[in-house]
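Subject: Structure handover

Dear colleague,

I am passing on the structure we spoke about, and below it you will find my notes on what turned up. Please read them with the structure open beside you.

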Amino acid sequence: MTIRLAVNEPRWLAHVQSVAKATPGLVPVVKGNGYGFRRWNLMPLAGQLSNEVAVGTVFEARDIPSNVTPLVLTPTLTAPPKNLPLNTVLTVSSPHHVVALNSAGWSGEVIVKLQSSVMRYGVEKSMLQPLLSDIENARLTVRGYAIHPPLEGDAASHLKDITTWLDILDARLPIYVSHLDTASYAKLRATYPDRDFRMRLGTPLWHGDKSMMQLSADIVDHHPIEAGMRAGYRQVKVDGPGEIVLVGCGTAHGVLLLPDGRSPFHYQRQRLNVLEPPHMHTSMLIVSRGRPIPSVGEWIDVQQPMTRVQVDLLQWMK
């Protein structure tokens, strides 16, 4: 049982190189499941695009090539792993984060996360100077600042999240930004040419045109079922005759029902109904008698966010 991501390698590489060329100050983001590609597959390419690569947590920094500086996006309250590269740059946004690093004996560089309209991690303006004092007292070195605008909203509001901070920041330090479109980022750099802005990119860099990728899973088995019978972990009662179809992927791969409750599986451009929600490594489908049924060993399309899926097989197509 397998879930597979097939990628048109020449088209994908061309897209990645095009985005990198058009993004001055690019910082590739390689976090979580590696956007469906697995982190260790993206790291070598990310290291060719920039001498800085952003990861999600301190536990993800171990995959980065030795000649690249890891930037950890999420603050940590636990002691950094002992095998964390010494050039790793951690993120802080509150005194708690500084205390945690100081208690763990960490003495490297940090990025100060600034509050945006997301209202997630980020120090408020009134607390910036006290935080900087805490950082200095802990003998940490500030590498730069980071601002994380939301996904929703227009370009003007995203830029405002960033520019509202500029008057009180050390102009000598870089500012790491994200969630700006190409035009907004170009406008920001043109309006403030003396500032060092760096763009963290994940999804727009690695995904691009989804037509160059296909997520699919294999059919492991199927068998007939009659009206009134029950099947599945939850013993669902079947309304009419049909076929139980077993797909080789489930929650262990990050495959879930769509947000509206629909099935994520497609065959011959038709959505296949699930008998019950996916479970671990297998999903059970119900196909009414008379409708096309995928054969054992055949692959069907899976509709899922690539930032969540853990694929078994990554297949590069020429």
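Two strands are said to pair if DSSP finds at least two bridges between them. By that rule strand S2 and strand S9 (residues 197-201) are a pair, because three bridges join them, and the two run parallel. Please keep in mind throughout that this is a predicted model.

The sheet

The pair just described belongs to an open sheet of six strands, whose order is S2-S9-S8-S7-S6-S5 and whose pairing is parallel. Strand S2 (26-28) and strand S5 (90-92) stand at the edges of this sheet, and each has a single partner strand, so one side of each is left without a neighbour in the sheet. Neighbouring strands of the sheet are turned against each other by 35° on average, with direction ignored. As background, strands of a sheet pair through backbone hydrogen bonds, and they do this in either a parallel or an antiparallel way. If you would like to find one bridge between S2 and S9 yourself, look for valine 27, whose bridge partner in S9 is arginine 200. Helix H6 (residues 182-191) packs on the sheet, where it touches strand S8 (175-177) as well as S9, and the direction of H6 makes about 165° with that of S9.

Serine 50

Is serine 50 buried or exposed? Serine 50 has a relative accessibility of 11%, and since buried means under 20%, it counts as buried. Serine 50 is found in the loop between helix H2 (39-49) and strand S3 (52-55). A polar atom of the serine 50 side chain lies 3.0 Å from the backbone oxygen of glutamate 52. Leaving aside residues up to four places away in sequence, serine 50 touches Leu26, Val27, Pro28 and Val68.

Empty space

Rolling a probe the size of a water molecule over the atoms shows where empty space is left. The largest pocket holds about 490 Å³ of space, and 21 residues line this pocket, of which Val29, Lys31, Tyr35, His148 and His179 lie nearest its centre. S9 and helix H7 (203-206) each supply at least two residues of that lining.

The structure also holds two cavities of 30 Å³ or more, and about 60 Å³ of space lies in the largest cavity. Among the residues that line the largest cavity are Ala54, Ile111, Tyr176 and Arg200, while strand S4 (69-72) and strand S6 (109-114) each supply at least two residues of its lining. Arginine 200, which was named above as the bridge partner of valine 27, is thus one to look at twice.

Antiparallel pairs and leucine 257

Elsewhere, strand S10 (residues 213-225) and strand S17 (residues 299-302) pair in the antiparallel sense over three bridges, and in S17 the bridge partner of alanine 217 is isoleucine 300. S14 is joined to S17 by two bridges, and these strands run antiparallel; here histidine 266 has aspartate 301 in S17 as its bridge partner.

Leucine 257 lies in the loop between strand S13 (242-247) and strand S14 (265-267), and leucine 257 is partly exposed, with a relative accessible area of 27%. Leucine 257 and proline 277 are 20 residues apart in sequence, and their C-alpha atoms are 6.4 Å apart in space. Not counting residues up to four places away in sequence, the contacts of leucine 257 include Arg262, Val274, Pro277 and Pro278.

With best wishes

Note on methods. Residues are numbered from 1 along each chain as its sequence is written. This is a predicted model: local features need pLDDT of at least 70, side-chain atom pairs count only at pLDDT 80 or more; totals for chains, interfaces and linings use all residues. Side-chain values use heavy atoms; hydrogens and water are left out. Helices (H or I, at least four residues) and strands (E, at least two) are DSSP runs, numbered from the N terminus. Buried means under 20% relative accessible area, exposed over 50%, partly exposed in between (1.4 Å probe, protein chains only). A polar contact is a pair of N or O atoms within 3.5 Å; within protein, one must be able to donate a hydrogen and the other to accept it, and residues adjacent in sequence count only if both atoms are side-chain atoms. Contact means heavy atoms within 4.5 Å. Axes are lines fitted to C-alpha atoms, for helices over the stretch in contact, and angles run from 0 to 180 degrees between N-to-C directions. On a 1 Å grid over the protein atoms alone, a cavity is a set of points where a 1.4 Å probe fits but cannot get out, and a pocket is an open set with protein on both sides within 12 Å along at least five of seven lines; lining residues have an atom within 4 Å of a point. Grid points are joined across faces, edges and corners, and a volume is the space filled by probe spheres set on the points.
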